[in-house]
Amino acid sequence: MPFASVYAVEETAVSFANNGAIDCDIHPAVPGMRTLLPYLDDHWREQVTLRGIDGLDSASFPPSIPANGRPDWRPASGKPGSDLAMLQAQALGPFNTRYAICNCLYGASSVFNADLAAALSRAINDWLAAEWLDREKRLRASIVVPVQDTDLAVEEIERRAADRRFVQILLPAGGEAPYGKRRFWPIFAAAEKHQLPVCIHAGSTFRHATTHNGWPSYYLEDYVVMSHAHQAQLLSLISEGVFTRFPNLTVVLAESGFTWLPQFMWRAVKTWRAMRAEVPWVDRAPAEIIRDHVRFTLQPTDAPPDARMMEQTMEQIGTDRFLLFSTDYPHWHFDAQAAVPAGLSPALVQRMLLDNPLETYPRLRETLQ
Amino acid sequence: MSQALLERDAPGQTKLGIVDCDVHHATRSPQDLYPFLSHQWREHLATYGSRRPSPFTGASPFFKSAPALSRHDTWPPNGGSPGSDLKFLQEQLLDRYGIAFGMLHLLTVTGMDQRNQDFAAAMCRAINQWQYHTWTQQDQRLKAAIVVPGEDAAAAVAEIEHWAGNRDFCQVSLVTHTIEPLGRRRYWPIYEAAAAHGLPVGLHTSGYNGVAVTPAGWPSYYVEEHHEVSISQQALITSLACEGVFARLPSLKVVIVEAGLAWVPSLCWRLDQHWRRMRDEVPHLKQAPSEYIRQQVWFTTQPMDEPENPEHLGAILSWIGWDRILFATDYPHWDFDDPENAVKVRLTEEQRRKVFRDNAHAVYALT
């Protein structure tokens, strides 16, 4: 367990056992397009079949790469995360999970045809409801939306919002344009209206190079710089005034890491102080906006080499409400049950496991005693 | 360090003999380069102009906070743009703050990101000639960077070879917004040449490559783009480390200019963590990425990061290493850091000497 202290593991094991946890980022895998056929309408079922459209696993997360499937979490055949029984035994049981939120990363958000994106989003959401949520009461899900077309995205949110097991809206970190831009605002209006946080999850739609210098050679680089897409989204949402216009909106950054947050906030505040006349609707310091509106999932933690530095990082972040427990199942960031890194205070761990997710997700509060 | 420098009397508080690792001189107009361009390229510059993958002929697509990006008081009284008048730059920066050496980074004209590659090479040669005759030979405190047409590695190496050994030039400068990530092998001959001549590679955010500023697309505002400078420099360091540039060239020194530095620890933690999981993909790395960064990268201070609790800055500087930090003012730009009050943490005398002077002497071998 290279990244967790024994102390933290013991402490949190007690917390898991006593209170359970809400896991805010797990990844059920679509086995393949054949699985979604029953959930597509006639036109798209015919198109997908005739044209052999298949293989839409996100290239941001190739299932064969060890980081995207922990060795002991891989099924004998098929993709990691594709087997409900394994997920129950490996992701839910060991952490005494009360709820786990399914973020399905199958590639609907990356196709260029917006109508196909809408059809795939509907199919994925309906498949999640029928084959995961109906069969396992602890599971909740994010609404996959065709972000390529805001009208269609809102349509899908409206179609799914009545099902209270869908607790947030899922967007990929690297899309066609930064999400603060006004063309996306109807998505935030729908989110606020239905009490759905918006989750921006790691992953690129490959509309833009993963760095300002173009495409790196290695997957390792792509993964490391993925948090830069999250940071760009955060800057965009703040600078365009999304949180001013939608004061009840919560944004969850998932699989983004968070130890980069202190220096990000300092730089954002310094730049805003100098340049606030450019964005007069940003009426508070970015750090305050982040602390009020933005939440982060735990894994991967990108922990410093010693616990004392983690403690200082937490002090710099300056709020114990920002962190949401996640395993990122079946992705491989920790071994055994060592999901909680060293340097988090027992009080923060407690909040992260249960209180913070319940504060973040109004729909979870409705059913959890 | 000579006693003379230490005791240099200056109007400012400090008598250290500061090395300012980011000073922006400027052309009054592109015509300043005419004496150093052939007839063909003069005509080309006058007719076709600077063609870079960016929408406007005469402006950045992200409009800055001030004209010429500069402090209002830095416009020379005799005309010209900020940084274009040597005498005024001497008075306002070098003399006033007791700056013993100023490391020049030219932003008003560029060569490397010109889309016509022959023109890029001609521009770089002209810029270097202009720097030598107009600046470094006029004031020995000013040290230039060899500007190279880095998208054409052979031409870039030729430019390095032309100037190497001339101590007016203390580093090699690449535009940082490149066609491919800077660690990719098309750029390796440049690093090999720089390392062979003991010249650090100074990377100051600059240039246009037509690639979106962020992996999430183009932002709307300068308040975003200005912050993205530090983020894209993190991607650049990630590239140099992961692609194996540092591993293959242990004597290569890289100076990251004007990107801040508070991000260095968290970037290193993230790099190391995921490298441990995926090191089989990058077998050319023999140690953790952070080890290479610690050994081969220096960082300039401006714009100085400002933690909410100023004490935390000291911990960050310590983590990076006191011998890796180089003071810079960014004169004459609007976000200039004053040597007398920019670093808002108490430094020991030894730390102060390192940051304001000794580290720069070590990395640039200043004479």
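Helix H5 of chain A (residues 114–133) packs its buried residues under cover that includes helix H2 (33–36), helix H3 (42–51), strand E2 (97–102), strand E3 (139–144) and helix H6 (150–160) of chain A. The model is predicted: local features need pLDDT of at least 70, side-chain atom pairs count only at pLDDT 80 or more, and totals for chains, interfaces and linings use all residues. Residues are numbered from 1 along each chain as its sequence is written, with chains lettered from A and ligands numbered from 1 in the order written.

**Helix H5 of chain A**
- Helices (H or I, at least four residues) and strands (E, at least two) are DSSP runs, numbered from the N terminus.
- H5(A) has 20 residues and spans 26 Å from first to last C-alpha, close to the expected 28 Å (1.5 Å times one less than the number of residues).
- Its buried residues (20 or more other C-beta atoms within 10 Å of their own, C-beta atoms placed from the backbone) include Arg122(A), Asn125(A) and Trp127(A).

**Sheet in chain B**
- Eight strands form an open, parallel sheet in the order E1-E2-E3-E4-E5-E6-E7-E8; pairing takes at least two DSSP bridges.
- Strands E1 (18–23) and E8 (325–326) of chain B are the edges, each pairing on one side only.
- Two bridges join E4(B) (169–173) to E5(B) (201–204).
- Ser173(B) has Gly202(B) as its bridge partner in E5(B).

**Contact between chains A and B**
- Each chain gives 58 residues to the contact (C-beta atoms, placed from the backbone, within 7 Å).
- On chain B, helices H7 (222–242), H9 (264–278) and H11 (311–320) each supply at least two residues.
- H7(B) gives the largest share, 15 residues.

Note on methods: Two residues are in contact if their C-beta atoms, placed from the backbone, lie within 7 Å. A residue is buried if 20 or more other C-beta atoms lie within 10 Å of its own, exposed if 12 or fewer, and partly exposed in between; C-beta atoms are placed from the backbone.
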